[in-house]
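Could you walk me through the charged pairs and the central strand of this protein? Here is the structure to look at.

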Amino acid sequence: MKKNRRTLILLFILLCAPIIASYTLHFLGVRPGDTVNYGELLQVKPLAGSALNQADQTIFRVRQLRGKWVMVMVDSGKCDDQCQKKLYYMRQVRLTQHKEKDRLERLWLIDDGEAPAPELVKEFDGMVLINAKGSDLLPEIPAVGSQHDHIYLVDPIGNLMMRFPKNPDPAQMAKDIKRLLKVSQLEHAMGTDQKH
């Protein structure tokens, strides 16, 4: 009888140990240091506001791209070398997604009203160009230093959710986006994306 009781107490301690350990670590503030993602996760919030589509001079709202992941950059229409590097990275990251590339859009929020050079527009064909100068869309985008420093990511339901660092590693960006495309495809297949 004593042996059974001792076994039962030992079993109870073994089963409760992980729970007690997790609560202890939580309340002591111990957090894992490494994350899987390269981009910085932002406080998820819907990207609201409107601006002017440069292609057809119509009102643009982010919800028009609903159902797709969107890489967003904010920069001048004059587009210096750093800007062109971001355009290149966004194009290449999209192309590396192969058959999933159509689930990913590229959006350039032009913050000074300048029209980009026609050869630049042609080189990065497929980029959605938005004149965002003075729009209520720009204040929605957080930046550490300058909005020009980052490439942002908007999820398929229109939430701004990630920011890549200045001078990003395109291979790491592609990994993050590939992972997100895979997970969101599973959500879609399971029907859990309809809850949003």
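A salt bridge here is a side-chain nitrogen of Lys or Arg within 4 Å of a carboxyl oxygen of Asp or Glu. What you see is a predicted model, where local features need pLDDT of at least 70, side-chain atom pairs count only at pLDDT 80 or more, and totals for chains, interfaces and linings use all residues. Residues are numbered from 1 along each chain as its sequence is written, and side-chain values use heavy atoms, with hydrogens and water left out.

Searching the whole structure turns up seven salt bridges. Three of them are listed here:

| Pair | Closest N to O distance |
|---|---|
| D102 and R94 | 3.5 Å |
| R103 and E100 | 2.8 Å |
| D149 and K166 | 3.7 Å |

For burial, the cut-offs on relative accessible area are under 20% for buried, over 50% for exposed and in between for partly exposed (1.4 Å probe, protein chains only). D102 is partly exposed at 48%, while its partner R94 is buried at 17%. R103 comes out partly exposed at 22%, and E100 is buried at 15%. As for the D149 and K166 pair, D149 sits in the loop between β6 (128-131) and β7 and K166 in the loop between β8 (159-164) and α4 (170-190), so the pair ties together parts that are 17 residues apart in sequence.

Helices (H or I, at least four residues) and strands (E, at least two) are DSSP runs, numbered from the N terminus. Now for strand β4, residues 69-75: seven of its seven residues are buried. W69, M71, M73 and D75 point one way, and V70, V72 and V74 the other. That fits the general pattern, since side chains in a regular strand alternate between the two faces of the sheet.

Which strands pair with β4? Pairing takes at least two DSSP bridges between two strands. β5 (residues 104-110) runs parallel to β4, joined by seven bridges, and β7 (residues 151-154) pairs with β4 in the antiparallel sense over four bridges. V70 stands opposite E105 in β5, and its bridge partner in β7 is V154.

Helix α2 also holds R91. R91 is buried but has no salt bridge, and the nearest side chain of opposite charge, E123, is 4.3 Å away. Instead, the R91 side chain reaches the backbone oxygen of E123 at 3.1 Å.

Technical notes:
Lys and Arg count as positive and Asp and Glu as negative; His and the chain ends are not counted. A polar contact is a pair of N or O atoms within 3.5 Å; within protein, one must be able to donate a hydrogen and the other to accept it, and residues adjacent in sequence count only if both atoms are side-chain atoms.
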